[in-house]
Amino acid sequence: MQEQIDNPTAVPAPYAILAELTHRCPLRCPYCSNPLQLKMKSEELSTDDWLSVLEQASEIGALQVHFSGGEPLLRNDLGVLIERCTKVGLYSNLITSGVGLTSSRVGQLQQAGISAVQISIQGDNADVNDLIAGREVFSDKLAAVKHVIEAGLPLTLNVVVTRLNIDRLASIIEIGIECGARKIELANVQLYGWAFKNKLSLLPSLEQLQAAEAVFQAYKKKTEGQAELIWVKSDYYEEYPKPCMGGWGRRQMTVAPDGYVYPCPAAQAIETLRFSNLREHSLKFIWEESESFNAFRGFDWMKEPCRSCEFRFRDFGGCRCQAFMLTGDAATTDPVCSLASSRNIIDTVLSELSQTDKQKNDFVYRE
């Protein structure tokens, strides 16, 4: 943090690369952060392209690669890519639905050198999980969890918290503890991609959120030394916005299936920015010199009240993607901020939410 405050215009090496290998996925989650316009298999980077990405990532100083999607297990070359991470010294993490993660597949990935695995669950039972996932996959997920634990690999259990599962948080945490997960990440739904389209069916009420946070705090104390619990806030109810990925273009980069590179997974929503593709530019050029990565670095781009706000060192002006989605201006103050002139947009959503049937599930499923 101090380095960011002292020299906000300096460009450090990226800490992590999110490698979205494919948009193909066996699930249909209505909160998916993938764009509404999904990329086809024919548009995906080749194995050689991805191997080059990994080598370039290591060369520019990245430390971690998180293989995601869609469902990365649908790429038959996943083991080859993990092997290259191992060879060039990159920590590799698999972010998966768990569907298709058999015991033999875990063994293959472990032999390739996978460092850790993150599996998502959508609920504490099949009814809730499969409703949100859009497929009958709860038993597949539990089996995958078992395979990872039996292999001795570090496991993170990821739960996107929505109004459908938030009241069952204690039971969900218990599943994570019983299965032996090292981390249990309770991520309140972030409204990008498909989640933004389904916001009124996904956002919990303030009362639900407060009750759930109390459950989290109680379990955090209870599980100390046993499992790490992580709580990702839902910023629509906050007074100030969440930090923008540790600062725009300062911590990580996302490589999409078709080779476009973004400062964060949701950035492609900003239609006013021109993003670069790995088929035309090197990863180093994109990270250090591209128009999109430099657009919101530092503080010079900020408008008031952000430009003179003491919190700019903490939240970096908030989320640029959220600002664009809600106002059409990526450089404006994040509407979540209580100082933003557009805060009424968030208040209107919360007002509509309060009048929405808590049990109503009018999902537009990811297709």
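**Figure 1. Contacts of N188 in the predicted model.** N188 touches V161, I166, L209, W231, V232, K233 and S234, leaving aside residues up to four places away in sequence. The model shown here and in the other views is predicted. N188 belongs to strand β6. Its relative accessibility is 1%, so N188 counts as buried, the limit being under 20%. V159 lies 29 residues from N188 in sequence, yet the two C-alpha atoms are 8.2 Å apart in space.

**Figure 2. The open sheet and its edges.** The sheet has 10 strands and mixed pairing. Strand order is β7-β6-β5-β4-β3-β2-β1-β8-β9-β10. Strands β7 (228-232) and β10 (276-277) stand at the edges. Each has a single partner strand, so one side of each lacks a neighbour in the sheet. In the strand order, β6 sits between β7 and β5.

**Figure 3. Strand β5 and its two partners.** Strand β5 covers residues 155-161 and runs parallel to β6, residues 183-188. Six bridges join β5 to β6. Two opposed pairs can be picked out along this border: V160 stands opposite A187 in β6, and V159 stands opposite L186 in β6. On the β4 border, four bridges link β5 to β4 (residues 116-120), again in the parallel sense. Here I119 stands opposite L157 in β5.

**Figure 4. The two faces of strand β5.** In a regular strand, side chains alternate between the two faces of the sheet. In β5, L155, L157, V159 and V161 point one way. T156, N158 and V160 point the other way. Residues on both sides are buried. The strand is mostly covered, with seven of its seven residues buried.

**Figure 5. Helix α10 over the sheet, with α7 alongside.** Helix α10 (residues 206-222) lies across β6 and β7. It runs at about 160° to β7. Two packed helices are described by the angle between their axes and the distance between the axes. For α7 (residues 169-179) and α10, the axes come within 10 Å and cross at roughly 30°. Angles under 35 degrees count as roughly parallel, so α7 is roughly parallel to α10. The crossing of α7 past α10 is right-handed.

**Figure 6. Residues at the α7–α10 contact.** From α7, the contact takes in L169, A170, I173, E174 and I177. From α10, it takes in A212, V215, Y219 and K222. By class, seven of the contact residues are nonpolar, no residue is polar and two are charged.

**Figure 7. Helix α14 and its surroundings.** Helix α14 spans residues 320-327 and is mostly covered. Six of its eight residues are buried. These are R320, C321, Q322, A323, F324 and L326. The buried residues of α14 pack against α8 (193-197) and α15 (343-354). Just after α14 comes G328, which takes a positive phi of about 85°.

Conventions: Residues are numbered from 1 along each chain as its sequence is written. This is a predicted model: local features need pLDDT of at least 70, side-chain atom pairs count only at pLDDT 80 or more; totals for chains, interfaces and linings use all residues. Side-chain values use heavy atoms; hydrogens and water are left out. Two strands pair if DSSP finds at least two bridges between them. Contact means heavy atoms within 4.5 Å. Axes are lines fitted to C-alpha atoms, for helices over the stretch in contact, and angles run from 0 to 180 degrees between N-to-C directions. Angles under 35 degrees count as roughly parallel, over 145 as roughly antiparallel, 65 to 115 as roughly perpendicular and the rest as oblique. A crossing is left-handed if the near helix is turned anticlockwise from the far one by less than a right angle, and right-handed if clockwise. Ala, Val, Leu, Ile, Met, Phe, Trp, Tyr, Cys and Pro count as nonpolar, Asp, Glu, Lys and Arg as charged, and the others, Gly among them, as polar. Buried means under 20% relative accessible area, exposed over 50%, partly exposed in between (1.4 Å probe, protein chains only).
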